[in-house]
Amino acid sequence: MNRRTLLKHAIILGGGMVFIPACGGKEEKKASAWKHLSLTAGEEALVGEMVETLIPATDTPGAKALEIDRFVLMMVDDCYPKDQQAGFVKGLQQSPAVAEKLFHRSFDKCSTEEKIKILQALSTHTAETGQFYKLLRELTREGYLKSKFVMTKLLPYELVPGRYNGYVLLKQQTA
């Protein structure tokens with residue numbers, strides 16, 4: 001075997017090792033590089049739909065536009081113990097079954113009113129879905145209130161909050 005043939009085979013083998021896993025095409029692969037959570041792209045999209053249902057877009061951007069779903073997943077991945085992470089993932093994985101049971105459709109195909117009913121049902125369906133919903137709701141609210149949009153556009157910035165205002169009219173007392 002000469003050197004050209006050896007290099008040719010090595011390149012073909014290396015290229016095959018890169019492309020063969022990508023050709024699997026199953027959605028069940030990990031969507032993002034979370035350290036502790038193992039979620040599919042569909043499960044991450046479901047979290048996005050749920051946070052958008054909790055804080056929808058109006059004249060201000062909704063939770064999905066502010067990437068609150070990424071905040072929720074990052075917080076669960078980085079800041080919660082393993083048992084709560086497992087409960088969150090288990091509740092998330094049970095959520096499509098609740099949507100199917102109530103409306104015979106997937107969560108993303110339901111109307112806004114139906115999505116709200118599904119989220120309300122999650123809080124009482126099982127212990128895992130209740131834990132999931134409670135954590136999702138808390139982290140969505142926290143993420144929205146700490147988002148760059150809220151902190152810079154909705155809340156006025158004061159360099160020194162709580163300033164002294166010495167000119168205040170007092171009401172005259174009538175006695």
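**Figure 1. Exposed Lys35 shares a salt bridge with Asp78.**
With a relative accessibility of 65%, Lys35 counts as exposed, while Asp78, at 41%, is partly exposed (buried means under 20% relative accessible area, exposed over 50% and partly exposed in between, with a 1.4 Å probe and protein chains only). The two side chains meet at 3.6 Å, N to O (a salt bridge needs a side-chain nitrogen of Lys or Arg within 4 Å of a carboxyl oxygen of Asp or Glu). Lys35 sits in the loop between H1 and H2 and Asp78 in helix H3, so this contact ties together parts that are 43 residues apart in sequence. Do keep in mind that this is a predicted model, in which local features need pLDDT of at least 70 and side-chain atom pairs count only at pLDDT 80 or more, while totals for chains, interfaces and linings use all residues. Residues are numbered from 1 along each chain as its sequence is written, and side-chain values use heavy atoms, with hydrogens and water left out.

**Figure 2. Glu44 and Arg70 join helix H2 to helix H3.**
Here the side chains of Glu44 and Arg70 form a salt bridge with an N to O distance of 3.7 Å. Glu44 belongs to helix H2 and Arg70 to helix H3, so the pair connects parts of the chain that are 26 residues apart in sequence. What is the accessibility of each partner, Glu44 and Arg70? Glu44 is buried, at a relative accessible area of 11%, whereas Arg70 is partly exposed at 38%.

**Figure 3. Glu49, Lys64 and Lys115 make up a salt-bridge network.**
Zooming in on Glu49 and Lys64, you will find their closest N and O atoms 3.0 Å apart. This contact links distant parts of the chain, 15 residues apart: Glu49 in helix H2 and Lys64 in the loop between H2 and H3. Both are partly exposed, Glu49 with a relative accessible area of 21% and Lys64 with 38%. Lys115 is the other member of the network. Across the structure there are six salt bridges.

**Figure 4. Phe88 and Phe132 form a tilted aromatic pair.**
How many aromatic pairs does a search of the whole structure find? There is one. In it, the rings of Phe88 and Phe132 lie 4.9 Å apart, centre to centre, with 55 degrees between their planes (rings of Phe, Tyr and Trp, the last by its six-membered ring, pair if their centres lie within 6.5 Å; planes under 30 degrees apart are stacked, over 60 edge-to-face and the rest tilted). Phe88 comes from helix H4 and Phe132 from helix H6 (residues 127–145), so the pair ties together parts that are 44 residues apart in sequence. Both rings belong to buried residues: Phe88 has a relative accessible area of 1% and Phe132 of 0%.

**Figure 5. The largest pocket is lined in part by helices H2 and H4.**
This pocket holds about 150 Å³ of space. On a 1 Å grid over the protein atoms alone, a pocket is an open set of points where a 1.4 Å probe fits, with protein on both sides within 12 Å along at least five of seven lines; lining residues have an atom within 4 Å of a point. Points are joined across faces, edges and corners, and the volume is the space filled by probe spheres set on them. Helix H2 (41–54) and helix H4 (82–103) each supply at least two lining residues, and H2 gives the most, with four. Among the lining residues are Gly42, Leu46, Glu49, Pro96, Arg105 and Phe107. By class, the lining has five nonpolar, two polar and four charged residues (Ala, Val, Leu, Ile, Met, Phe, Trp, Tyr, Cys and Pro are nonpolar, Asp, Glu, Lys and Arg charged, and the others, Gly among them, polar).

**Figure 6. Glu67 and His104 have positive phi angles.**
Glu67 has a phi of about 60 degrees and lies in the loop between H2 and H3. His104, with a phi of about 55 degrees, is in the loop between H4 and helix H5 (112–125). Neither Glu67 nor His104 is a glycine. Glu67 is exposed at 52% relative accessible area, and His104 is exposed at 64%.

**Figure 7. Helices H1 and H3 mark the ends of the confidence range.**
Mean pLDDT (the predictor's confidence in each residue, from 0 to 100) is lowest in helix H1 (residues 3–22), at 74, and highest in helix H3 (residues 68–79), at 94. The chain averages 86, and 90% of the residues score at least 70. Its secondary structure comes to seven helices and zero strands (DSSP runs numbered from the N terminus, with helices H or I of at least four residues and strands E of at least two). Of the 175 residues in the chain, 31% are buried.
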